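Open the model in your viewer and switch to a cartoon view. We will go from stop to stop, selecting a few residues each time.

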Amino acid sequence: MAKVTELGYVGITVSDGDAWRKFASEVVGLEVLDEGEGDRFYLRMDYWHHRFIVHVGDGDDLAYLGWRVADATALEEISDRLDAIGVKYRVGTAEEAAERRVLGLLKLEDPGGNPTEIFYGPLIDAHMPLHPGRRMHGRFLTGSEGLGHVLVHADDPAASHRFYTQLGLEGSIQYHLKTPNGLIQPTFMHCNDRQHSIAFGVNGDKRLNHLMLEYAELNDLGKAHDIVRSKGIDVALQLGKHANDEALTFYFATPSGWLLELGWGAAKAFKQQQYHLNDVFGHGIEVSGMHDVEL
Ligand code: FE
């Protein structure tokens with residue numbers, strides 16, 4: 001059965017392109033790539049042409065998620081399965097594939113209304129090793145684990161779980177969290193060794209609650225933390241360690257309002273599911289009101 005293999009790229013809309021260029025490079029260490037298109041620029045994490053397409057214009061939210069499959073045959077299998085379960089999609093044109101620097105893609109929406117693309121054959125710029133936007137000790141953890149993870153909007157978490165299961169992801173509810181607003185039971189799903197590539201079950205006013213990127217070196221997380229503190233950026237959740245992915249992380253505001261979670265040291269995906277009531281330690285709420293719960 002064909003499955004998606006990684007969260008390969010993410011598109012975002014931003015209202016302040018200049019703020020994002022500075023934020024992505026100076027705080028996170030991403031490489032900004034501008035190909036003169038005017039309405040967009042790219043962010044690089046590794047040898048891929050891009051991991052992020054930043055569309056400058058109206059809005060500050062997720063534009064689309066790009067899920068990779070192995071090849072054209074896998075993409076065809078996935079489209080057959082979508083036909084069988086009655087999910088509408090569109091086959092991207094050659095121009096749309098070229099726009100994303102991939103060999104082929106489908107466009108659809110997940111049940112939460114998040115624009116979704118399933119693609120194969122990304123452009124890998126093997127001649128262009130990452131030029132980080134600021135000093136880094138090591139690199140971002142990508143490779144077979146994709147770019148990171150996202151927590152996105154889901155009106156009906158069970159429907160979203162069914163949808164992503166059809167794409168080949170696995171996972172389940174991994175926390176029961178008591179909050180002032182009642183019990184929250186977020187779902188976490190994986191498609192490779194990364195503990196989760198997507199999560200849902202916590203809804204706010206945006207499609208995107210947060211995006212997580214992982215450093216291969218602890219010192220790079222520490223450096224990011226120093227930079228966030230020195231710039232006075234709002235920290236939503238202080239340093240702490242999750243019980244499910246065991247990553248040391250903290251959450252802070254992006255120029256778009258949604259949160260970036262930077263981390264290090266995540267465990268690999270569960271072979272068998274389990275759930276938790278608490279994190280291991282930390283993640284104290286510092287600036288509240290951005291989101292009540294972030295995982
Ligand atoms: Fe997270």
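Begin with the open sheet of 9 strands, in the order 10-13-14-9-15-18-17-16-19 and with mixed pairing. Keep in mind that this is a predicted model. To find the edges, select strand 10 (170-173) and strand 19 (281-282), each of which pairs on one side only. Strand 19 runs antiparallel to strand 16 (residues 235-241), and 2 bridges join them. For one of the bridge pairs, show Lys241 with its partner in strand 19, Phe281.

While you are at this edge, select Val280, in the loop between strand 18 (259-264) and strand 19. Which residues does Val280 contact, leaving aside its neighbours within four places in sequence? They are Lys241, His242 and Ala243. Now add Ala247: the C-alpha atoms of Val280 and Ala247 are 9.8 Å apart, with their positions 33 residues apart in sequence.

Next, select helix 4 (residues 157-166) and show its side chains. Which residues of helix 4 are buried? They are Ala159, Ser160, Phe163 and Tyr164. These four lie on the same side of helix 4, because they cover an arc of only 130 degrees around the axis. An α-helix has 3.6 residues a turn, so residues three or four places apart point the same way. The buried residues of helix 4 pack against strand 5 (61-68), strand 7 (102-109), strand 8 (115-122), strand 13 and strand 14. Just after the helix, click on Gly168, which takes a positive phi of about 105 degrees.

Stay with Tyr164 and display what surrounds it. Setting aside neighbours within four places in sequence, Tyr164 is in contact with Leu65, Trp67, Asp110, Thr116, Leu169, Met189, Ile198 and Phe200.

Tyr164 also leads to the next stop, the largest nonpolar core, which has 61 residues. Select Val28, Leu65, Tyr164, Ile198, Leu213, Phe252 and Leu262, the members that touch the most others. Which helix gives the most to this core? Helix 1 (residues 17-28) does, with 5 residues. Colour domain 1 (6-120) and domain 2 (143-282) differently: both give residues to the core, so it lies between them.

For the last stop, select Ile53, Tyr64, Leu105 and Phe119, which are among the 11 residues of a second, separate core.

Conventions:
Residues numbered from 1 in each chain as written. Predicted model: local features only at pLDDT ≥ 70, side-chain atom pairs only at ≥ 80, totals over all residues. Heavy atoms only, no water. Pairing = 2+ DSSP bridges. Core = buried A, V, L, I, M, F, W, Y, C linked by side-chain atoms within 4.5 Å. Buried < 20%, exposed > 50% of the residue type's maximum accessible area, 1.4 Å probe, protein only. Domains from an automatic or database assignment. Contact = heavy atoms within 4.5 Å. Arc of directions from axis to C-beta.
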